[in-house]
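Take a look at the chain below. How is it put together, and where should a newcomer begin?

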Amino acid sequence: FSIGFFFFIDASTYSHSHLNAGSEVHIKFVDWIPGICSALGMLVINSIEKTRLSADSYSYSGTGVAWKARLVLFLGFALMAGGLAGSVAVLVLKYVVPEYGFPALYFGIANVVANGLIMLSSVVLWVSQNMEDDYTYNLAL
């Protein structure tokens, strides 16, 4: 997660530094929208426990808990997929189609890498936090 945002923050600071002073290409708010969507998707996905996905009505209060949890999980994955697709769209429409050179093309590539790493870290975090206790060790004597 932090490496992904490092790539994007690095590109953003380079975009507005004196090293990029002669260029007309800078990172604007449009470049930030896919990262915001991916980060929100990560928060939504990691707020769902796996036990709620197969919950019956007697485990938790209320009815339809599993259906609601699956819907929220789908929305989280849709946010992350939209963030990744948005970063690819920004890369193609803002940097590849106008045929900018490599200092400016790095801004779009960093955006795609950042969103891909956020998506990867979200899946790893969700799987590792929701693992069953079969593989844990009890070190108490």
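The paragraphs below go from the overall fold to the interior and then to the surface.

This is a predicted model. The protein chain has five helices and zero strands. Read along the sequence, the pattern is therefore simple to write by the helix definition: α-α-α-α-α. The chain holds 141 residues, and buried residues make up 31% of them. Many contacts link distant parts of the sequence. Take the contacts with a separation of 6 or more: residues 24 or more positions apart account for 70% of these.

Now go inside. The largest nonpolar core has 12 residues in all. Its members are F8, A11, V25, I27, V90, L91, Y95, A104, L105, F107, A110 and A114. Which helices each supply at least two residues of this core? They are α1 (2-15), α4 (65-96) and α5 (102-129). The largest share comes from α5, with five residues. There is also a second, separate core. This one has nine residues, including M42, I48, A69 and L73.

Stay with the largest core and pick out Y95, one of its members. Leave aside the neighbours within four places in sequence. Y95 is then in contact with V25, H26, I27, D31, V90, Y100, A104, L105, F107 and G108. Several of these partners belong to the largest core too, among them V25, I27 and L105.

One partner of Y95 leads to a loop: H26. Residue H26 is found in the loop between α1 and α2. Is H26 buried or partly exposed? Its relative accessible area is 21%, so H26 counts as partly exposed; buried would mean under 20%. Beyond its neighbours within four places in sequence, H26 is in contact with S15, H16, N20, D31, K94 and Y95. D31 thus appears in the contact lists of both H26 and Y95. Look at H16 as well. H26 and H16 are 10 residues apart in sequence. In space, their C-alpha atoms are 6.7 Å apart.

Finally, turn to the outside. The protein chain exposes about 9000 Å², and carbon and sulfur atoms supply 70% of it. One nonpolar surface patch covers about 580 Å². F29, V30, I33, I36, L40 and L43 make this patch. Among them, I33 is found in helix α2, which spans residues 29-45. Why is I33 classed as partly exposed? Its relative accessible area is 36%, and partly exposed residues lie between the 20% and 50% limits.

Note on methods:
Residues are numbered from 1 along each chain as its sequence is written. This is a predicted model: local features need pLDDT of at least 70, side-chain atom pairs count only at pLDDT 80 or more; totals for chains, interfaces and linings use all residues. Side-chain values use heavy atoms; hydrogens and water are left out. A nonpolar core is a set of buried Ala, Val, Leu, Ile, Met, Phe, Trp, Tyr and Cys residues joined through side-chain atoms within 4.5 Å. Buried means under 20% relative accessible area, exposed over 50%, partly exposed in between (1.4 Å probe, protein chains only). Helices (H or I, at least four residues) and strands (E, at least two) are DSSP runs, numbered from the N terminus. Contact means heavy atoms within 4.5 Å. Patches are made of residues with over 30% relative accessible area and no salt bridge: like charges are joined within 9 Å, nonpolar side chains (Val, Leu, Ile, Met, Phe, Trp, Tyr) within 5 Å. Accessible areas come from the Shrake-Rupley method with a 1.4 Å probe; for residues, only the protein chains shown count as cover. A salt bridge is a side-chain nitrogen of Lys or Arg within 4 Å of a carboxyl oxygen of Asp or Glu.
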